[in-house]
Amino acid sequence: MPVEITWWGHATCTVQDSGVRVLTDPLFARRLAHLRRRRGALPEARAAVADVTLVSHLHADHLHVPSLARLAPDTRVLVPRGALRAVPGLRRLGRTRLTEVAPGDRVRIGDLVVRVVTAHHDGRRLPVGPQRSPALGYVVEGESRTYFAGDTALFDGMAEEVGPVDVALLPVGGWGPYLGEGHLDAGRAADALALLRPRSAVPVHYGTYWPIGMDAVRPHEFHTPGTEFVRLAAERAPGVTVHLLDHGESVRPQVAGYRSSPGDAPAGRGDDDREGGTR
């Protein structure tokens with residue numbers, strides 16, 4: 001069965017490959033501090049079903065302890081090295097199996113290997129630091145190779161460290177009117193595609209959460225990163241098929257032995273085995 005990607009909103013995705021369900025940065029909250037979910041229904045209960053959960057860094061919109069508490073007992077959870085010291089709430093998640101990892105680590109889950117790679121992003125638990133913990137990306141290697149970037153900036157050696165991948169889950173925006181350092185906007189994410197040259201890409205980390213009371217402040221930063229990424233990817237990485245998903249929607253990218261050509265609907269809403277979901 002080909003890899004299947006479901007985007008639940010923000011950086012939360014399910015990757016199904018080789019009979020293993022992989023969940024990324026689960027965030028199942030309607031509200032988080034000053035942020036509220038403005039688009040997409042809350043993820044369905046099945047979103048919390050996973051064999052392994054990947055946490056990219058310690059910011060609360062990526063490592064959300066109440067959402068991790070919804071995971072089934074004995075779910076494996078990979079967190080950045082130092083997370084247990086920096087986030088005391090993790091120690092109360094006695095039902096899950098927490099493993100601290102760092103770039104270069106490889107973890108086998110069933111027929112998958114999860115490879116841990118570098119992300120260039122402030123990985124501290126804000127605002128309470130000062131404990132430092134690395135921000136991470138992950139490459140899920142099974143029948144396909146899927147790169148989950150977490151939050152990151154472009155960095156030297158990115159393509160070499162990530163390696164050849166079939167699908168890239170790339171952040172293309174954020175949750176506020178301005179992006180700070182250590183993030184990809186639509187343009188930088190398109191540049192990342194040109195470096196990584198995956199067969200398919202799914203934009204994430206946009207159009208879900210926004211600060212309360214700021215709906216009218218630079219609203220294009222909430223609404224447009226996905227479509228802007230599609231446009232720029234067509235210019236800068238025309239061999240990559242971009243799947244622009246709605247919240248709760250799934251896609252099965254054609255990855256095995258396949259690379260799209262400029263005449264094969266690149267950088268648009270691909271139609272390979274799409275499944276409707278929550279809208």
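This passage walks through two sheets, a helix and a pocket in a predicted model.

A good place to start is the open sheet of seven strands, which follow one another in the order β9-β10-β11-β12-β13-β14-β16 with mixed pairing. Its edges are formed by β9 (106–109) and β16 (241–242), each of which pairs on one side only. At the β9 edge, the neighbour is strand β10 (residues 112–118), and four bridges hold the antiparallel pairing of β9 and β10. Among these residues, V107 has V114 of β10 as its bridge partner. Helix α4, spanning residues 186–196, lies across β12 (145–148), β13 (167–171), β14 (200–204) and β16 of this sheet. Relative to β13, the helix runs at about 155 degrees.

A second open sheet is built from three strands in the order β4-β5-β15, and here the pairing is antiparallel. The edge strands are β4 (31–32) and β15 (209–211), and each pairs on one side only. Strand β5 (residues 35–37) is joined to β15 by three bridges. One residue pair can be picked out here: R37 has Y209 in β15 as its bridge partner.

Attention can now turn to empty space. The second largest pocket holds about 200 Å³. Its lining comprises 15 residues, and V172, L179, D185, E221 and P225 lie nearest the pocket centre. Two or more lining residues come from each of the elements α5 (220–223) and α6 (225–236). Sorted by class, the lining of this pocket consists of six nonpolar, five polar and four charged residues.

Definitions and conventions
Residues numbered from 1 in each chain as written. Predicted model: local features only at pLDDT ≥ 70, side-chain atom pairs only at ≥ 80, totals over all residues. Heavy atoms only, no water. Pairing = 2+ DSSP bridges. Contact = heavy atoms within 4.5 Å. Axes fitted to C-alpha atoms, helices over the stretch in contact; angles between N-to-C directions. 1 Å grid on protein atoms, 1.4 Å probe; cavity = no way out; pocket = protein on both sides within 12 Å on 5 of 7 lines; lining within 4 Å. Points joined across faces, edges and corners; volume = space filled by probe spheres on them. Nonpolar A, V, L, I, M, F, W, Y, C, P; charged D, E, K, R; others polar.
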